[in-house]
Structure formats: C-alpha cells, structure tokens
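Got a minute to look at a structure together? Let's ask how each label earns its place.

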Amino acid sequence: MTIHRNISLKPYNTFGIDAVADAMADCHTTSELANTVRTLQGRSVVVGGGSNILFLGDFHGTVIRPLLYGIEVTDITDRHVDIRVGAGVVWDGLVAMCVANGWSGIENLSYIPGRVGAAPVQNVGAYGAEAADVIRFVNAISTDTGAPLRLSADECMFGYRRSIFKHQLKGKAIVTSIEMRLATSFAPNLDYGPVRAAVEQYGRPTLANIRRAIIDIRRAKLPEPDDKGSAGSFFKNPEISEAQADALLRSHPDMPTYKLANGMVKVPAGWLIEQAGWKGRRQGNAGVHDRQALIIVNHGSATGTEIMALAEHICADVRQKFGISLDMEVVIV
Ligand code: EPU
C-alpha cells in the first residue's frame, strides 16, 4: 500500500479540479484495502477513475483508491464466458479485450471513462446497454469491518444509474471485483438512436464495428477526456408522470419522451437544458458543452464551487421553465 499526504487530486478527477486531499491510500490488494478501512480515522471517499466525482474543495480525509487488477476467466462454454474483473481495471480496456476475444455484451459500453469498480455502483449505461445486463455478482468489502461481501445481481438492486451501493450500502461497501457473463455467440444491439447507421458505415455489425461506431458517436458528442475536464453527464434524465408529460407536450410538442415500463415518462435532460438556453453557454470557468447540453465542462481552472454554481443555475432555470427538478448524476464531495 502507498500513502500520499497532502496530494493534489487534479490528476485523479476527470473534471480536473485542483483540490488537495489530506491523504490518499493506493490499495493494491483486497487485504490492503481491508486493512485501510479497519485502521482509518476520519472521513474517506473512494475514487476509481475519478470520472463521476466533483470535489467542491479540499478533502480533509483519505481518498481510497482500490487499484485491484486482474481479469480471470472462471467458466467458458460454447454460449457464454464468465469473467471476474478487478475493480481497478480500466473499463474501456476491459471492453477492448472482450471485443478482441469475441465476447459480447459490453461493446455498446465502449469508451466510457472510469474503472470497473464504478460500473456496478452507478450501473453505467449507454446506447441501449447497461452494466446490470451482464453483471452476475459483485464482490466488495464492508467499510465497517473489512469483511468480504458478495452480492448477486438481484441483491444489487440495479436501476437507471443506481444500485444498492448508492443507497442502502452507500459508504458501507467498497467494490473489489465484478463477475460478468458475456455471450460467446453474438447478437448485435443496434436499436439506440444513431447506432445502427453508424455501424453500417463500417459494414457488417461485428463486435469490432460496433465498438468503432460507438467510439465515433461518443467522440462526436462528448468532450475528449484529455481535452476539456468534465464528468460525463452531470445530471440524470428525469422521470416524470404521464400527466405531467402530457401537459408539457401541449406547450412543447417537440419534447422527446420515452415511456417506461413503470408507467413513468423519461425526458432527456440534455433537451431540457438546451431549451432553457444553456447549451454552449459559459459562466466563468465553467460551461455547458456545445454538442451535448447534459455535460458541464471545466474551461480551464474552474473550482468545484464554480461548477456547482453553474449546475444550480441550470437546475433553477429548468425547474422554472418546465417544473422538472434535475437530479445530479455526479457524486459531490
Ligand atoms: N438532446 C438534446 N440536446 C442535447 C443533448 C440531448 O436535445 O444537447 C436530446 C436529443 O433529443 C437526443 C436525446 O436528448 O436524442 C438523447 O441524447 P443522447 O443520446 O446524447 O443521450 P442522453 O440521454 O443525453 C444518456 C446517458 C449518456 C449516454 C447516452 C447514450 C444519462 C444521464 N446519460 O445521455 O451517459 O452516453 O445516453 O446512451 O443517462 C454518462 O452517464 O456520463 C453518459 C455520457
């Protein structure tokens, strides 16, 4: 284990916020991680790839980094392959490896920043797929005792950008690895928006072509991680009642809506923010991305509070214009 003191978090959060942590514990094994939580005093926060977190200021506590690597095949048949993947593995490296091996299930989740440990926490999703589709078990440790926990997919209570790790187990468990079942026989998932057309440019919908197409779509819409700081979607897409959606559609007939199985209606937050006039706008060093309004970017040296002030301003405008409250997707520390 390596402990760093008074360390700048700038390289460890994709927003590029220059906050300082009192300590950072790099844990390379599950037992180092367990030891860290058992002996820890004061506040702590777990950071994987730092791609979904906003530090409002210096962090007076310990940043825990579970740098647990390894990808293991635990079972393989002519239909599926089961793999166990360490929380510290870079998510997109895993996707690339699965595509190269002909294992299907996460190719639509190509080019998502971050590490594997975050995938079950927020049930990462994009282009018609989500982590919950393939996760069978999540291994973690208890932050109270350091003891191992093993949760089945059902126990993880996955939903849209949520899981038990964001609710009942919030702050109580640290993911150490995930176990996924991928298909060795391949069925392309091309139904989300621009995916089919983007794949056709490359020819047949092979795993590699889907990965290429998804990377193209993301590059066209989302800021390149090395270019401008951001944390992907800042807000979740809100779910509203059918009655509220009907009322809004009378005044905004072009509002995109998606009916959900639970009777609610999902509205793209990016559309709401764009309609509220925020797309591409800048407030100090923080701004709204000019190609995808759901993304707040750091134009240079924004502080966490500047980003937050912009987010609050956007929320207030959307609430006033549409009567819809936006929930943040990004974890605020
Ligand atoms: N839209 C606009 N203006 C915008 C952005 C979006 O009008 O500036 C509308 C359009 O109607 C568009 C619709 O919103 O058709 C959906 O846009 P998009 O396909 O870009 O998806 P999203 O709902 O904005 C979600 C995820 C993304 C994920 C994409 C693709 C959330 C919070 N975000 O965005 O995830 O990549 O779908 O599946 O659910 C992330 O979580 O960080 C992330 C990038």
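Below are some questions and answers about the ligand, its surroundings and the domains.

This is a predicted model, where local features need pLDDT of at least 70, side-chain atom pairs count only at pLDDT 80 or more, and totals for chains, interfaces and linings use all residues. Residues are numbered from 1 along each chain as its sequence is written, and side-chain values use heavy atoms, with hydrogens and water left out.

Q: What makes a residue part of the group that surrounds the ligand?
A: One of its heavy atoms has to lie within 4 Å of the ligand. 23 residues surround the ligand, and the closest are Y127, Y160, R161, Y192 and E274.

Q: Why does the pair formed by S233 and the ligand count as a polar contact?
A: A polar contact is a pair of N or O atoms within 3.5 Å; within protein, one must be able to donate a hydrogen and the other to accept it, and residues adjacent in sequence count only if both atoms are side-chain atoms. A polar backbone atom of S233 sits 2.8 Å from a ligand oxygen, so the pair counts. For E329, a side-chain N or O atom is 3.0 Å from an oxygen of the ligand.

Q: How much of the ligand does the protein bury?
A: Alone, the ligand exposes 810 Å², and the protein buries 83% of that. Such areas come from the Shrake-Rupley method with a 1.4 Å probe; for residues, only the protein chains shown count as cover.

Q: Which domains does the shell around the ligand draw on?
A: At least three residues come from each of domain 2 (71–220) and domain 3 (224–332). The bounds come from an automatic or database domain assignment.

Q: How do you know that domain 1 and domain 2 are in contact?
A: Contact means heavy atoms within 4.5 Å, and 13 residues of domain 1 are in contact with 14 residues of domain 2. The C-alpha centres of these two domains lie 24 Å apart.
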